[in-house]
Amino acid sequence: MSRAAVHGWLLLLPAFALLALFTHWPVLGTLWDSFHATPRAGHAAPWVGLENYQVMVADEVFWRSLWNNLWYALGTIPLSIALAIVMALWVNSAMAGRTWLRMAFFTPTVLPMIAVANIWLFFFTPQYGLLEQFTTLFGMPSRNWLGNPDTALGCVIVVAIWKEAGFFMIFYLAALQSIPPSLAEAAALEGASRGYYFRRVVFPLLMPTTLFVLVNAVINSFRLVDHIIVMTRGGPNNATSLLLFHIYQVGFSFWDTGYAAALTVVLLALLAAAAILQFAFLERKVHYQ
Amino acid sequence: MTPSAALPQGAGRILETAAAWLLGFLWILPLLYAFWTAFHPPEFSTRFELLAPLTLANFERAWQAAPFARYFLNSFLLVTMVLAAQLVLCTLAGYAFARFEFPGKEVAFALVLVQLMIMPDVLIVENYRTMSRLGILDSIPAIGLPYMASAFGIFLLRQTFKTVPRELDEAARVEGASALQVLWKVYVPLARPVYLAYGLVSVSYHWNNFLWPLIVTNSVGSRPVTVGLQVFSSADQGIDWSVITAATLMTSAPLLVGFLLFQRQFVQSFMRAGIR
């Protein structure tokens, strides 16, 4: 090996060793452990083949969590991206008070999810909560928003949208600012309406950003369960249990790590599928300048 | 962008501005609500009267009810440790990917990028086992270790280092500088804004991180504020919302104050970190 090659590897080595230990090895370990029972009191875990996966197929909470996660993603991603675009367009325009608006939209991003979940918990509280006070003002019946299986997932989705939209707005803002002003001037000269200009010029130029944001949003919808732990603990009746929350419960409340590994394999497969879709899509649909 | 293309004129403009302000107000409302509850006596926590007396008693009670000073220290140590390690490791690795040719480089880079998709947050079961084998459960390094080699940081610095003109690099080499000296004297100074951007993103991520620290710690000596807040608000505090919101604001305060003071830098940093 040449001197440069040796230097290259030496520079890479510290980071790569940590990555191998805490990312690559655990991925392989998850797969390996998913075929084993949970180790008990110092004994090595016996090979059980597909037993954990058979348990999973019969586990209603798993299916419920998977569906919840899908609805959660479908509820969170399109709405937070649409809101982010609208926010970015507003903040980027000559609107009065736009500095204030940017601060209002972005603030949820810098706050800990766990802290804001506490605030939202109070917001949704029956009888005392702000939401309740507001609805009773209009003579609507009292509701337990987080205690009702029909509304709990919706509440959790609202919190996620609130937390993420401002974060995504920043990326759109950066993209909007890189669009040359001459394009808007040309469109105005041609008499193009604002909607037309957005549809045919701005939106296509935002495509790479949308893809980047989309990938982030998908990862976050599987990764972020802090607010579930604070607000609902997966309840009522597993109505807000997401996949990672179920893994957390199985692994660290029931200490069934063998089964938790099998559940993690499903989560990893979903993330890998998202990655593959992204690259296939990136190749074809998006043209970077 | 010219104002005419950005906003309609007349009534439409007023309507749209009103809609934007309404959304902005809705967005900040939960926080305003928290401020109201935290700074007023409990009997006003859900009653809104203009002249309700202000108080700091809720903060005092929260501060005394749990070892928050220790939690703050833990969080501070965690964030500092993670950021310091990330800066060193990602700089070295980013430099290797940007300016060195070595066998296996493509594969190594692909393996690094795996972490962008599969973050340590989802590998909690296996990483817990690893920490248990290493015998460092319930310690601050155990919280930070999985995040120290950050694929995001490596990628960001690689992109930045690639934009440094080769001539600068070669000029330094001609003068007899070693690879590490070139890195330190030429590349690092030129990447300063990127370091600031990455630092802000990393600090806010790790100050806010919750699930992994919750799993891997179980004593006052290692819990960061996020976990401390959860332990505090779920144990017996039940319905004392004034104290809980005071504690909540306390734990968010360092980032919130930092954000309000350095708003422009924060926003620009997040922008910079997002452009790949």
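Of the 289 residues in chain A, 44% are buried in this predicted model. The secondary structure of chain A comprises 13 helices and zero strands, so that reading along the sequence gives the pattern α-α-α-α-α-α-α-α-α-α-α-α-α. Taken along the principal axes, the C-alpha atoms of chain A fill a box of roughly 75 × 75 × 30 Å. Among the contacts in chain A with a separation of 6 or more, 69% are accounted for by residues 24 or more positions apart.

Within chain A, helix α4 (residues 98–110) contains 13 residues and reaches 19 Å from its first C-alpha to its last, a span close to the 18 Å expected at 1.5 Å a residue. A bend of about 25 degrees is nevertheless found in α4(A) at A104(A), and a proline, P108(A), follows within four residues. Both A104(A) and P108(A) belong to the buried residues of α4(A), which also include L101(A), R102(A), F105(A), F106(A), T107(A), T109(A) and V110(A).

Two residues of chain A with positive phi values are located in the loop between α11 and α12. R233(A) has a positive phi of about 50 degrees although it is not a glycine, and its place is in the loop between α11 (226–231) and α12 (243–252) of chain A. In the case of R233(A), 14 other C-beta atoms lie within 10 Å, and the residue is therefore classed as partly exposed, the class between the limits of 12 or fewer for exposed and 20 or more for buried. N238(A), likewise a residue other than glycine, has a positive phi near 65 degrees and lies in the loop between α11 and α12 of chain A. N238(A) counts as buried because 20 C-beta neighbours are found inside 10 Å, and 20 or more suffice for that class.

A further loop position in chain A is that of A45(A), which is found between α1 and α2 (51–58). With 16 other C-beta atoms within 10 Å, A45(A) is partly exposed. When neighbours within four places in sequence are left aside, A45(A) is in contact with H36(A), A37(A), T38(A), P39(A) and G258(A). By contrast, A45(A) and R200(A), which are 155 residues apart in sequence, are separated by 59 Å in space, C-alpha to C-alpha.

Turning to the second chain, chain B has 15 helices and zero strands. The radius of gyration of chain B is 24 Å, well over the 19 Å that the globule rule gives for 276 residues, and chain B is therefore more spread out than a compact globule. The C-alpha atoms of chain B fill a box of roughly 75 × 65 × 30 Å along the principal axes. Buried residues account for 44% of the 276 residues in chain B, and residues 24 or more positions apart supply 76% of the contacts in chain B with a separation of 6 or more.

The domain assignment divides chain B into domain 1 (3–55) and domain 2 (67–274), and the C-alpha centres of domain 1 of chain B and domain 2 of chain B lie 33 Å apart. The contact between these domains involves six residues of domain 1 of chain B and seven residues of domain 2 of chain B. On the side of domain 1 of chain B that touches domain 2 of chain B, the classes are four nonpolar, two polar and no charged residues.

In helix α4 (residues 68–99) of chain B lies L78(B), which counts as buried, with 23 C-beta neighbours inside 10 Å. Apart from its neighbours within four places in sequence, L78(B) is in contact with I140(B), I143(B), G144(B), H206(B) and P224(B). The C-alpha atoms of L78(B) and S178(B), two residues that are 100 residues apart along the chain, are separated by 33 Å.

Between the two chains, the contact takes 83 residues from chain A and 78 residues from chain B. Helix α1 (residues 3–33) of chain A contributes the largest share of the side of chain A that touches chain B, namely 20 residues. By class, the side of chain A that touches chain B consists of 63 nonpolar, 15 polar and five charged residues.

Methods. Residues numbered from 1 in each chain as written. Chains lettered and ligands numbered in written order. Predicted model: local features only at pLDDT ≥ 70, side-chain atom pairs only at ≥ 80, totals over all residues. Nonpolar A, V, L, I, M, F, W, Y, C, P; charged D, E, K, R; others polar. Domains from an automatic or database assignment. Rg over C-alpha atoms; globule rule 2.2 N^0.38 Å. Expected span 1.5 Å × (residues − 1). Bend = angle between axes of the 7 residues up to and from the residue.
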